[in-house]
Amino acid sequence: MKIRELAQHWEENAKGRLTKTEYAIHLDVESAARLAAIAEMYPKRNTEELLGELIGAALEELEASFPYVKGQHVIATDEEGDPLYEDVGPTPRFLSLSRRYLNDLSASSDEQKH
């Protein structure tokens, strides 16, 4: 979800799956003021939900901003038959690490249910 889509998402009041892990953060005064303004504008959301969704959207945009770095191995061809090369930039590593941590967090969550 993009940051610009969050306001509509908040209006619809959808819920997502949450991890048991908690994070404590300190905000600069300007960010805290903006967060307070958003919390007042969207009272159906508590501050922690807003922060979680903002961080999620920022992480998605960060992932999309990673540069593509052309590798040497052809992994596919496009519709015109031109070669598509592997990405050796930060994206594949980020995705691999994200999947690993998602599996770890999911397994930990499953263990806590039993």
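This is a guided tour of one predicted chain, stop by stop, with a selection to make at each stop.

Residues are numbered from 1 along each chain as its sequence is written, and side-chain values use heavy atoms, with hydrogens and water left out. Since the model is predicted, local features need pLDDT of at least 70 and side-chain atom pairs count only at pLDDT 80 or more, while totals for chains, interfaces and linings use all residues.

**The whole chain**

Begin with a cartoon view, in which the chain shows 4 helices and 2 strands; these are DSSP runs, helices being H or I of at least four residues and strands E of at least two, numbered from the N terminus. Read from the N terminus on, the order of the elements is α-α-α-β-β-α. Switching to a surface, the chain exposes about 9,300 Å², with carbon and sulfur atoms supplying 55% of that area, as given by the Shrake-Rupley method with a 1.4 Å probe, where for residues only the protein chains shown count as cover. Of the 114 residues, 11% count as buried, where buried means under 20% relative accessible area, exposed means over 50%, and partly exposed lies in between (1.4 Å probe, protein chains only). For contacts (heavy atoms within 4.5 Å) with a separation of 6 or more, residues 24 or more positions apart account for 48%.

**The aromatic pair**

Select F66 and F94, which form the 1 aromatic pair that the structure holds. The ring centres are 5.4 Å apart and the planes stand at 70°, so the pair is edge-to-face; rings of Phe, Tyr and Trp (its six-membered ring) pair if their centres lie within 6.5 Å, and planes under 30 degrees apart count as stacked, over 60 as edge-to-face and the rest as tilted. F66 belongs to the loop between α3 (47–65) and β1 (70–77), whereas F94 is in helix α4, so the pair ties together parts that are 28 residues apart in sequence. F66 is partly exposed at 22% relative accessibility, and F94 is also partly exposed, with a value of 23%.

Add T91, which lies in helix α4 (residues 90–113). T91 is buried, with a relative accessible area of 16%, and, leaving aside its neighbours within four places in sequence, T91 is in contact with E63, F66 and P67.

**Charges over rings**

Next select K70, a residue of strand β1 that counts as exposed at 53% relative accessibility. The charged end of K70 sits over the ring of Y85, 4.3 Å from its centre; the criterion is that NZ of Lys or CZ of Arg is within 6 Å of the ring centre and within 35 degrees of the ring normal. Leaving aside neighbours within four places in sequence, K70 is in contact with Y85, E86 and V88. A distance label between the C-alpha atoms of K70 and D87, which are 17 residues apart along the chain, should read 5.2 Å.

Then move to R100, which lies over the face of Y101 at 4.6 Å from the ring centre.

**The salt bridge**

Select R45 and E53 to see the 1 salt bridge in the structure, the term standing for a side-chain nitrogen of Lys or Arg within 4 Å of a carboxyl oxygen of Asp or Glu. The closest N and O atoms of R45 and E53 are 2.9 Å apart, and both residues are buried.

**The nonpolar patch**

Return to the surface and select Y23, I25, L27, I55, L59 and L62, which make a nonpolar patch of about 580 Å². Patches are made of residues with over 30% relative accessible area and no salt bridge, like charges being joined within 9 Å and nonpolar side chains (Val, Leu, Ile, Met, Phe, Trp, Tyr) within 5 Å. Within this patch, I25 is found in the loop between α1 (3–12) and α2 (29–41), and I25 is partly exposed with a relative accessible area of 46%.

From Y23, step across to G52, which lies in helix α3 and is partly exposed at 41%. The two are 29 residues apart in sequence and 9.8 Å apart in space, C-alpha to C-alpha.

**Last stop: L105**

Finally, select L105 in helix α4, which counts as partly exposed at 38% relative accessibility. L105 and K20 are 85 residues apart in sequence, yet their C-alpha atoms are 8.6 Å apart in space. Not counting residues up to four places away in sequence, L105 touches T19 and T21.
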